[in-house]
Amino acid sequence: MKKVLIAGATGAMGQKAVALVNSLPDVELTAVLAPHLTADQREQFHLAPSVQIFQELNQVTPGIADIWVDFTIPAAVYTNVNFAIEHHMAPVVGTTGLNDGQEAELIEESKQYQCGGLIAPNFGMSAVLLMKFAKEAAKYFPDVEIIEMHHADKKDAPSGTALSTAKLIDQVRPNHETNPAEVTTLDQVRGGDYHGIKIHSVRLPGYIAHEQVLFGGAGEALTIRQDSFDRQSFMSGVKVALDKVLDLKELVIGLENIL
Ligand SMILES: NC(=O)C1=CN([C@@H]2O[C@H](COP(=O)(O)OP(=O)(O)OC[C@H]3O[C@@H](n4cnc5c(N)ncnc54)[C@H](OP(=O)(O)O)[C@@H]3O)[C@@H](O)[C@H]2O)C=CC1
Ligand SMILES: O=C(O)C1=N[C@H](C(=O)O)C[C@H](O)C1
């Protein structure tokens, strides 16, 4: 039986992850890390009496879990994953906000501690495929912009998925010309800029998680879009990660690399 700790267990994604782990025969939820969770809220968050509740990272008992699932906040994820690796808990990370330098450090650390893990900016199959298709299309359409649309409570912008999409496109797209005569009359109206790829972040109630990649060419355009209408859709990817993470030799970035 694989033992699992869920960090962020009371959040929108954490609650889905608790339900997933509770439903699987070969994994056991042994602990949660949740800053404001108290013992009298166990039932509300579907936590068995055996599940240890930790409100602070430094209270977490080494050996309490084999796998560390993280759906927390950008400000906490680096410290959490660092702690998980140092205590031989294989991280399965959905939390966004790690920068390239932090990811590189965590990969090195995972090698040093011989602790495999996965960081997936998106556990949904539609987003994984969108990124793959966008990378392919960018070889032929160097002019591209990304629009990501999320629920109004999302704490970070751009989304981790949009940033990953831009990085994948940047790896393959040929040089392209931007319009040198462009004038803007409103601050940041052209969106954020990742190596010349514009990213536009929309935050609205009613939305969950959606992304469009728009490619423009001479007399034609290609639009690739994915929609996550329900957070349950991310759980098939989390399940794959739970199945495979203990076999990984180091920290891997991207669900597509373990499918
Ligand atoms: N990879 C993927 O497929 C997906 C990734 N995400 C990402 O997952 C993350 C969480 O999203 P979501 O569930 O919607 O966010 P929520 O705001 O609903 O949940 C965040 C949770 O983290 C908890 N938390 C805050 N600080 C800490 C800490 N230091 N240690 C442990 N827990 C902490 C919060 O507790 P409290 O409220 O008590 O402060 C809350 O329960 C985001 O980064 C989001 O982008 C989201 C969807 C899919
Ligand atoms: O905060 C969210 O909701 C999501 N976050 C991830 C991201 O930033 O890409 C994944 C998905 O878009 C949902």
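## Starting at His150

Which residues does histidine 150 touch, not counting residues up to four places away in sequence? The contacts are Ser159, Arg203, Tyr207 and Ala209. Keep in mind that this is a predicted model.

Histidine 150 sits in strand E7, which runs over residues 143-150. The residue counts as buried because 23 C-beta neighbours fall inside 10 Å, and the cut-off for buried is 20 or more.

## The annotated pair

UniProt, in an unreviewed entry, puts the feature "active site" at His150 and Lys154. Lysine 154 is placed in the loop between E7 and helix H5 (160-172).

Is lysine 154 buried or partly exposed? It counts as partly exposed, because its tally inside 10 Å is 17 C-beta neighbours. So the two annotated residues land in separate classes: His150 is buried, while Lys154 is partly exposed.

## Around ligand 2

Both annotated positions turn up again here: the residues around ligand 2 include His150 and Lys154. The rest of the list reads Thr96, Pro121, Asn122, Ser159, Gly160, Thr161 and Ala209. Ser159 and Ala209 are also among the residues that histidine 150 touches.

If you like to sort a shell by chemistry, this one divides into 6 polar, 2 nonpolar and 1 charged.

## Out along helix H5

Leucine 168 is a handy marker in helix H5. With 18 C-beta neighbours inside 10 Å, leucine 168 counts as partly exposed. Leaving aside residues up to four places away in sequence, leucine 168 touches Met131, Ala134 and Lys135.

For a sense of scale, take leucine 168 and asparagine 22, which are 146 residues apart along the chain. Their C-alpha atoms are separated by 35 Å.

## The whole chain

Zooming out, the protein chain has 6 helices and 12 strands. Its C-alpha trace spans about 65 × 40 × 30 Å along the principal axes. The radius of gyration is 19 Å, which agrees with a compact globule, because a globule of 259 residues would come in near 18 Å.

How much of the chain is buried? Of the 259 residues, 38% count that way. As for contacts between residues at least 6 apart in sequence, 71% join residues at least 24 apart.

Definitions and conventions: Residues are numbered from 1 along each chain as its sequence is written. Chains are lettered from A and ligands numbered from 1 in the order in which they are written. This is a predicted model: local features need pLDDT of at least 70, side-chain atom pairs count only at pLDDT 80 or more; totals for chains, interfaces and linings use all residues. UniProt positions are given in the numbering used here, feature names are shortened, and annotations may be inferred rather than shown by experiment. Helices (H or I, at least four residues) and strands (E, at least two) are DSSP runs, numbered from the N terminus. A residue is buried if 20 or more other C-beta atoms lie within 10 Å of its own, exposed if 12 or fewer, and partly exposed in between; C-beta atoms are placed from the backbone. Two residues are in contact if their C-beta atoms, placed from the backbone, lie within 7 Å. The radius of gyration is taken over C-alpha atoms; the globule rule is 2.2 Å times the number of residues to the power 0.38. A residue is near a molecule or strand if its C-beta atom, placed from the backbone, lies within 6 Å of it. Ala, Val, Leu, Ile, Met, Phe, Trp, Tyr, Cys and Pro count as nonpolar, Asp, Glu, Lys and Arg as charged, and the others, Gly among them, as polar.
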